[in-house]
Structure formats: C-alpha cells, structure tokens
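Visitor: Could you take me closely through a single part of this protein, the place where its domains meet? I would like one connected account of what is found there.

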Amino acid sequence: MEPMLSQIDAAPPDPILGLTEAFRQDPAPDKINLGVGVYVDDQGRTPVLASVKEAEARMLESETTKSYLPISGQPAYGKAVQDLILGPDSAVAAAGRAATAHTPGGTGALRVGGDLLRAFFPGATVWVSTPTWANHPGVFAAAGLARRSYPYYDPATRGLDFPAMLAALRDVPAGDVVLLHACCHNPTGVDLAADQWAEVAAAAVDRGWLPFIDFAYQGFGDSVEADRACIQPLLDAVPEALIASSFSKNFGLYRERTGALTVIGGDAEAARRTLSQVKRVVRTNYSNPPAHGGLIVETILADADLTAQWRKELEGMQARIAGVRAQFVEAMARRAPEADFEFIRRQRGMFSFSGLSDAQVDWLREERHIYIVKGGRINVAGITSDNLDALADAVAEALQRG
Ligand SMILES: Cc1ncc(COP(=O)(O)O)c(C=O)c1O
C-alpha cells in the first residue's frame with residue numbers, strides 16, 4: 001500500500017502570504033509591497049516599538065521562571081485586556097460578566113471561540129461580511145462550523161451598504177453567530193458609524209444572535225478610546241458576546257502571537273462557566289499560551305510611563321497612515337483628476353479597497369513591481385515618501401490602460 005503521507009496533495013499557497021513570497025523573490029530594486037497587513041514606517045521598516053523594547057528590558061531583569069502559564073493566561077493580563085477593550089469604567093467588567101483567556105494572537109482567539117461554539121452549538125452558522133479578512137472563513141471551517149455571509153461593502157459608493165447589511169442581520173436566526181469587525185474593517189477600511197452600531201445592536205437583541213467581535217486594530221482607527229467606543233452600544237445592549245483581540249498591530253507584536261478571547265456572559269456565573277469550557281478547548285489544543293508577548297502587554301499597561309510611551313507610538317502609527325491616505329489622494333488628483341480617490345481618505349485603518357481590477361493588479365505587479373492582493377486591497381501603510389510618486393504614476397497609468 002502507498003505510504004499515507006505521500007497520498008496528500010499540496011495545498012494551494014495562502015493568497016496573501018504567497019504574494020509576500022513573490023515580492024521577496026522579485027529582484028527589482030524599486031519594488032513596492034502593498035500586500036501583507038503589516039505596518040511599516042516611512043523608511044519601510046516594521047520596527048520593535050520603543051515601549052516594547054523597554055518592557056522587554058525590564059522583563060529580562062525581573063523574570064524568574066519559564067514555568068507554564070495558567071491555561072487562560074495570567075489574571076493580570078486578562079484584566080489589562082478588559083481595561084483596554086471595555087474601558088476602565090466598564091459596567092460589564094464591574095459586574096464580573098467578562099472573562100478573558102490569553103490566546104496566541106487574534107487568530108488563536110477566533111479559533112478558540114470557533115471551537116467553543118462548535119462544541120456546544122454544532123448547528124450554529126457563522127455569518128461574515130462580504131468581503132471579510134481572507135482567513136475568517138477558513139478558521140471557522142476548520143472549527144467545523146457552517147459559514148454564510150451578509151452584505152457589507154458597496155463597490156458603487158466605495159462605502160457601506162448599510163440597508164442591505166441591516167436587512168440581512170435582521171434575518172439571521174437566533175442561535176447563529178455574527179462576526180463583526182470592531183474598526184478598520186479588513187479588507188475594505190469601511191466602518192460603521194455610531195448610529196449604525198446601535199441599529200446592529202438592536203438587531204442582535206431582537207433576533208437573539210450572538211455577536212463575535214474581531215478587534216484587531218484598536219487605536220488604528222481614531223484612538224484607543226474612540227475605537228472601543230464604537231462597539232460600546234452593542235456591548236451595552238446585548239446579553240452575551242465574544243471578543244477576539246489581537247495585539248499584533250497596535251503593539252507591533254506580530255510574531256509574538258499575542259491576543260485574547262473575552263467572553264461576555266449574561267451574568268458573572270455564566271461568564272465563569274463559559275471560561276471553564278474555553279480552558280478545556282485550549283488545554284486540548286495548545287495547552288496554555290506563549291508567555292512573552294502577553295507579558296510585554298501586561299508590563300506596558302501596568303506602568304503609567306510605559307503606557308504613555310506606547311500610546312504615543314500607536315498615535316504615531318495611526319497619524320502616519322492617515323497622512324499617507326491624504327498624500328495618496330492628492331497625488332492621484334494631480335495625475336488622474338477624473339478618477340475620484342477621496343474614498344481612500346474616508347476609509348480607516350491599514351487597508352483600503354483601491355477599486356483596481358484584477359487585470360490592473362496583475363499589470364502593476366508584472367510591469368511595475370507593485371504587489372497588491374487580488375480584489376484590489378491595498379495596505380496603505382506600505383506607502384512611503386520614497387515610493388509615493390512612483391506608485392501614483394503607476395496607478396494612473398494602470399487606470400488609463402483600463
Ligand atoms: C481582521 C483581522 N482579524 C484577525 C487578525 C489576526 O491577527 P493575529 O496576527 O493577531 O493572529 C488579523 C490580522 O491580519 C485581521 O486583519
């Protein structure tokens with residue numbers, strides 16, 4: 001009989017990480033990477049934040065053991081996460097209705113949440129926006145859950161199709177799960193306004209579906225406070241929710257795999273019971289979380305000076321992205337005044353849907369060494385003073401070619 005592993009076919013390459021690989025292999029000196037969702041500064045680097053370096057220096061001095069963390073991580077980390085995502089004066093947290101598990105990144109949080117849902121609600125469907133982060137469907141499929149999608153982005157307005165979204169969410173059956181991006185929607189950069197969040201909250205309450213909030217970009221939209229204020233009406237209204245946090249972007253901890261799953265229960269007892277089941281999911285998967293990234297976040301958020309330094313660095317990243325959006329819009333207005341790129345200024349976070357067709361995306365890669373994900377999503381943070389003009393020239397030419 002043929003050996004087992006030799007019967008396995010190769011998997012297709014990951015669409016986004018595959019593009020990064022192609023970028024790496026491109027020898028052109030002036031190549032531009034607007035593909036993968038990693039923040040870069042104006043020099044094109046993804047540096048370790050100074051607040052992170054300082055926290056690590058302190059950890060090197062004070063760390064006394066490498067023994068296992070608790071299955072759900074350190075309670076101090078869970079508390080720091082809740083203060084960040086719910087706010088220090090959260091009524092939900094004060095009532096003990098929130099319980100947090102430290103997970104390997106936001107992806108780990110989504111998958112642990114998916115596994116939990118699959119264990120207790122195997123018939124539940126997870127609803128994701130059209131479009132959504134390319135990994136969302138795969139994560140929930142791997143957990144064994146059915147997926148469906150609700151309308152979100154309107155290519156005609158390059159904005160939100162809120163009436164269609166709301167109509168779909170008003171039809172989601174009780175017992176299903178709706179995945180919502182808290183802010184800086186990936187891949188479109190199109191977010192809900194405060195009054196729209198209130199209507200989504202009302203739909204969740206009326207219909208009885210469970211919101212699963214993906215909070216991967218806190219601080220990249222407007223600020224730590226303003227970004228969490230977006231989801232506040234929802235969290236105030238619904239009895240229960242799941243929140244996946246990622247600190248990959250806002251602490252620049254990508255490879256340290258640092259995130260959290262927070263469960264909001266109807267009361268403190270329900271939150272505790274749910275967390276005990278989250279711990280079972282973790283125990284049989286990766287047993288307990290990796291310590292390093294979590295300890296960095298905990299160390300920064302426990303110290304007023306480090307917190308202030310981190311916030312300044314986060315504000316710097318947010319401001320650079322907002323600035324680059326404006327520069328790109330102005331650069332395009334000079335080259336292609338008939339094409340309206342104002343939407344890039346309105347969209348938030350690291351990503352925008354550029355409106356470029358797949359043929360234009362291919363042409364930009366093959367002829368100009370500019371790497372953009374199929375579908376036209378660009379990582380705005382990949383634009384720098386050095387590449388802005390070349391990029392705008394190339395996009396204007398691509399538009400002319402049609
Ligand atoms: C919307 C969204 N959710 C979750 C994640 C996962 O982040 P992490 O690297 O922390 O797993 C990302 C990362 O790109 C994302 O864009």
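Guide: Between domain 1 and domain 2 an area of about 2,100 Å² is buried, and carbon and sulfur atoms give 58% of that area. On the side of domain 1, the residues that lose the most area to domain 2 are Trp310, Arg348 and Phe353, which together account for 33% of what that side buries. All of this is read from a predicted model, in which domain 1 is made up of 5-47 + 307-401 while domain 2 covers 67-290. The C-alpha centres of the two domains lie 27 Å apart, and the contact between them involves 23 residues of domain 1 and 27 residues of domain 2.

Turning to the polar side of this interface, the count of salt bridges between domain 1 and domain 2 is 3. Arginine 348, already named among the residues that lose the most area, forms a salt bridge with aspartate 222, where the closest N and O atoms are 2.6 Å apart. Across the interface of the two domains, 10 residue pairs are found in polar contact, with both residues at pLDDT 80 or more.

As for the elements involved, at least two residues each of the side of domain 1 that touches domain 2 are supplied by helix H12 (304-335), helix H13 (342-346) and strand E11 (351-353). Of the contributors to this side, H12 gives the most, with 6 residues. Sorted by class, the side of domain 1 that touches domain 2 holds 11 nonpolar residues, 7 polar ones and 5 charged ones.

Terms used:
Residues numbered from 1 in each chain as written. Predicted model: local features only at pLDDT ≥ 70, side-chain atom pairs only at ≥ 80, totals over all residues. Heavy atoms only, no water. Domains from an automatic or database assignment. Contact = heavy atoms within 4.5 Å. Buried area = accessible area lost by both parts, 1.4 Å probe. Salt bridge = Lys/Arg side-chain N within 4 Å of Asp/Glu carboxyl O. Polar contact = N/O pair within 3.5 Å; in protein donor to acceptor, adjacent residues only side chain to side chain. Helix = DSSP H or I, 4+ residues; strand = E, 2+ residues; numbered from the N terminus. Nonpolar A, V, L, I, M, F, W, Y, C, P; charged D, E, K, R; others polar.
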